[in-house]
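Work through the exercises below with the sequence and coordinates at hand. Each task is followed by a solution in steps.

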Amino acid sequence: MVKIYIPADTTACALGADKVAAEVALQAQNRGLDIEVKRTGSRGAFWLEPLLEVETGEDRYAFGPVRPGDVDGLFEAGLHESSKHPLFLGKVTDIEWLARQDRLTFGRAGVIDPLSLDDYKHEGGYEGLNRALAMTAEEIVEAVTDSGLRGRGGAAFPTGIKWRTVLDTPAEQKYVTANADEGDSGTFADRLLMEADPYQLIEGMTICAMAVGATQGYIYLRSEYPRALRVLSQAIASAEAANLLGSNICGGERDFHLQIRVGAGAYICGEETSMLESLEGKRGLVRFKPPLPAIEGLFGQPTVVNNVLTLAAVSTVLAKGAAHYRDYGSGRSRGTLSVQLAGNIRRGGLVEVPFGASLRELVEGFGGGTASGRPVRAIQVGGPLGAYLPESQWDTPLDYEAFTGVGAMLGHGGVVVFDDSVDMLEQARFAMEFCAVESCGKCTPCRIGSVRGVELIDKIRLNENRPANLELLEELCETLDAGSLCAMGGLTPMPVRSALKYFPKDFERGAGNGIERNMHV
Amino acid sequence: MHSSGEVPAVVVSSAVRKFADTPGGLLPLLHEIQTGLGFIPRESVAAIASGMGLSRAEVHGVISFYHDFRDKPGGQKTIHVCRAEACQAVGSRQLEAHVKTRLGVDYGETTADGRFTLEPVYCLGNCACGPSIRIADDVFARVDADLFDELLGDI
């Protein structure tokens, strides 16, 4: 029997993977061939999706991007390792775009059946938890600290220190929460992981629970990810059935219960304290800090709040040792960064590389420039609150400190590419508009400042008191930056200021960047 | 998405029973009601509040805070158009204009035939292959005006 693998990932399916899978099954039946179609997650090479893989012996050979109408031709040309079909890509692991990555977190993505515990364990899964079960809480926290792992949600806070705080805070009840409210435009790494390798997140959370003494966990998942919800729900049920979650885990004395809570379409709930409010069933209003969530978090109890990728990485740290993980990276940014190449990009998708590569290497080397074929003009890194960077900044290494040094941030690793038809005034306006739409409303600079920001940029576009309004816009940015309660208002000035600083021409009279201005009218 | 002929009071009371003892159970409760009825009727706020030990203001506050929850019926299916940056970079502003014209509605509105409610969304996690839209629970990639019209025709 021949095995054919086709992803059931959101992006792959948005490009027709379900139809391709159905067509393969139909063609196999019509031709009387003994073929098993297995659905996987995606390897993240979205530019090649739907990617069809045929297993021959130990190897898999790839075809892509495959449209339903291509399937008949694929069968005719031969679905094997020496196919002459134009969509034939050779051995999957030899595809350079994939081969050049260092996949510590995404190594299983697209390879295994996401819901098969056997597959997961066969590829090294649950080795981390097995080690953790033989360690003391102190030792687990120490390993995580030694690995140099920092929060992948964007704030880059050292994970070990956060866990240490929760461990050292005495309480009857502690919680582990996974922030899966991946709202930044240009990011999809959490979604990809949850759809392709959900047990890795579950394992990481379980290790965390062992480390800090928590017995209850929540995954706060955004409602925009219905596929991830289905996969995770089934994975949790299977892990419970296998005694990897629940009471007396692995026959020991520890309990860890895990539930998914679905958000309701509020970007601000990706902010950790807002997420906690939402988990408590309230409006997602940001809390004052201190107290830190590690001391007074969910329902007032000590709580770990970590991003999906942070928790997933912990399973690798425990399985392979802190030193193995720490050996990747640059400066104080250790391990790998999961870069998400998005927007106007020829070869978009998930690129996991050690910290330290340059933005240019990513966008030009991996990404191959724009999808439109026009020159890249601006790259927004780190989500809607991140800076727009012009070519002069593209050699900045992808490293938390290096990005902070140029007035930018890595955030959750989203890289959104714009070609030369972009109007940066429009992008600055959108940054303010987005803040106005998504502000929780608790603090004035964010709630009202964002609305005023939109108005000001509209006036600048209409050339009303331009110099005075540009000055006022800068003052408004200062107020948002200094006076907001959280990063939503505090960082909204980052895209606005970077647009003003690096692309001033777009804010001049008559404006636009002069190229195809009419595209945006 | 839309009402499946369920009796509102029954859906509400069974959801309240189901989540009354769940810590932080209000969000899952509201999702359950909206899934069952297509919206959260204003008349149900009092029952939810008393069942959950909250004030009506608190319940109303939560319903009105989150973009997903609606207190009026929507269309049979919701169409979400991604308005965020990665999709903007590949023409979502033009797509957005086309969708509004084609459906004859603005965001938050339902088509005259009651089939579609149009909503904005800020990221569907399909950012390498935009512009993206979501129709009910299905996401579609690289959507331009022609593909959108084709998708509408297929429904």
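**Exercise 1: Backbone outliers in chain A**

A:Pro291 is placed in the loop between α12 and β9 of chain A. The model is a predicted one.

Task: state which peptide bonds at A:Pro290 and A:Pro291 are cis, and give omega.

Solution.
1. The bond from A:Lys289 to A:Pro290 is cis, with omega near -5°.
2. The bond that joins A:Pro290 and A:Pro291 is cis as well, with omega about 5°.
3. A:Pro290 is found in the loop between α12 (272-279) and β9 (303-307) of chain A.

Task: find where A:Phe299 lies, and decide whether A:Phe299 is buried, partly exposed or exposed.

Solution.
1. A:Phe299 lies in the loop between α12 and β9 of chain A.
2. Phi of A:Phe299 is positive, about 50°, although the residue is not a glycine.
3. A residue needs 20 or more other C-beta atoms within 10 Å to be buried, and 12 or fewer to be exposed.
4. A:Phe299 has 14 C-beta neighbours inside 10 Å, so it counts as partly exposed.

Task: repeat the analysis for A:Cys250, starting with where it is placed.

Solution.
1. A:Cys250 is in the loop between α11 (226-241) and β8 (257-262) of chain A.
2. Its phi is near 55°, a positive value in a residue other than glycine.
3. With 13 other C-beta atoms within 10 Å, A:Cys250 is partly exposed.

**Exercise 2: A sheet in chain A**

Task: give the strand order of the five-stranded open sheet in chain A, then name its edge strands.

Solution.
1. The order is β2-β1-β3-β4-β5 (chain A), with mixed pairing.
2. β2 (35-40) and β5 (88-91) of chain A each pair on one side only, which makes them the edge strands.
3. Neighbouring strands are turned by 25° against each other on average, direction ignored.
4. Inside the sheet, β3 (residues 52-56) and β4 (residues 59-63) of chain A are antiparallel and share five bridges; A:Glu55 has A:Arg60 in β4(A) as its bridge partner.
5. Helix α2 (residues 17-30) of chain A packs on the sheet and touches β1 (2-7), β2 and β3 of chain A. The direction of this helix makes about 160° with that of β1(A).

**Exercise 3: Helix α6 of chain B**

Task: test the length of α6(B) against 1.5 Å a residue, and find how its buried residues are arranged around the axis.

Solution.
1. The twelve residues of α6 (residues 92-103) of chain B should span 16 Å, and the end C-alpha atoms are 16 Å apart, which agrees.
2. B:Ser92, B:Leu95, B:Glu96, B:Val99 and B:Leu103 are buried.
3. Seen down the axis of α6(B), the buried residues fall within an arc of 100°, so they line one face of the helix.
4. B:Ala97 and B:Thr101, on the other side of α6(B), are exposed.
5. The cover over the buried residues includes β1 (77-82), α5 (85-88), β2 (116-121) and α7 (145-154) of chain B.
6. B:Gly104 follows α6(B) and has a positive phi, near 70°.

**Exercise 4: Strand β1 of chain B**

Task: decide how far β1(B) is enclosed, and list its pairing with β2(B) and β3(B).

Solution.
1. Five of the six residues of β1(B) are buried, so the strand is largely enclosed by the rest of the structure.
2. β1(B) and β2(B) run parallel, joined by six bridges; B:Lys77 is bridged to B:Phe116 in β2(B).
3. With β3 (residues 133-135) of chain B, β1(B) pairs in the antiparallel sense over three bridges. B:Val81 has B:Ile133 in β3(B) as its bridge partner.

How values were computed:
Residues numbered from 1 in each chain as written. Chains lettered and ligands numbered in written order. Predicted model: local features only at pLDDT ≥ 70, side-chain atom pairs only at ≥ 80, totals over all residues. Pairing = 2+ DSSP bridges. Helix = DSSP H or I, 4+ residues; strand = E, 2+ residues; numbered from the N terminus. Axes fitted to C-alpha atoms, helices over the stretch in contact; angles between N-to-C directions. Contact = placed C-beta atoms within 7 Å. Expected span 1.5 Å × (residues − 1). Arc of directions from axis to C-beta.
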